[in-house]
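Please look over the sequence and the fold shown here. The text after them goes from the overall build to one helix.

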Amino acid sequence: MSKVPISVCIIAKNEEKYIEECLRKLKPYGFEIVVADTGSTDATKEIASRYADKVVDFTWINDFSAARNFCAKQA
């Protein structure tokens, strides 16, 4: 049986209080981690870049589905 790669896609904005613990707990599983930042003004992106395979910018257009789809396309 072959392994199916798994990507974890996270949409974030100003989550510096929580994102490190979240990503730190995911890292040991070997998943690809993609964080789509929707305009953080805190250290969210810097923290995410320590753990995520990709940290990408998404301009928030008040549409969660658009952000989710964008993040999934980056995986």
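What follows is an account of a predicted model, beginning with the fold.

The protein contains three helices and three strands. Along the sequence they come in the order β-α-β-α-β-α. The radius of gyration is 12 Å, close to the 11 Å that the globule rule gives for 75 residues, so the protein is as compact as a globular protein of that length. Measured out along the principal axes, its C-alpha atoms fill a box of roughly 40 × 25 × 15 Å.

Contacts between residues at least 6 apart in sequence can be sorted by their separation: 55% of them join residues at least 24 apart. Of the 75 residues, 29% count as buried.

Helix H1, residues 19-26, shows how burial is arranged within one element. Its buried residues are Ile19, Leu23 and Leu26. Viewed down the axis of H1, the buried residues fall within an arc of 60°, so they line one face of the helix. An α-helix has 3.6 residues a turn, so residues three or four places apart point the same way. What do the buried residues of H1 pack against? Their partners are strand S1 (7-12), strand S2 (32-37) and helix H2 (44-51).

The last topic is the surface and the charges. The accessible surface comes to about 5,100 Å², and carbon and sulfur atoms account for 52% of that area. The protein carries 11 positive and 11 negative side chains. The centres of these two sets lie 5 Å apart.

Conventions: Residues numbered from 1 in each chain as written. Predicted model: local features only at pLDDT ≥ 70, side-chain atom pairs only at ≥ 80, totals over all residues. Heavy atoms only, no water. Buried < 20%, exposed > 50% of the residue type's maximum accessible area, 1.4 Å probe, protein only. Helix = DSSP H or I, 4+ residues; strand = E, 2+ residues; numbered from the N terminus. Arc of directions from axis to C-beta. Contact = heavy atoms within 4.5 Å. Rg over C-alpha atoms; globule rule 2.2 N^0.38 Å. Areas by Shrake-Rupley, 256 points an atom, 1.4 Å probe, with all protein chains shown as cover. Lys, Arg positive; Asp, Glu negative; His and termini not counted. Charge placed at Lys NZ, Arg CZ, Asp CG, Glu CD.
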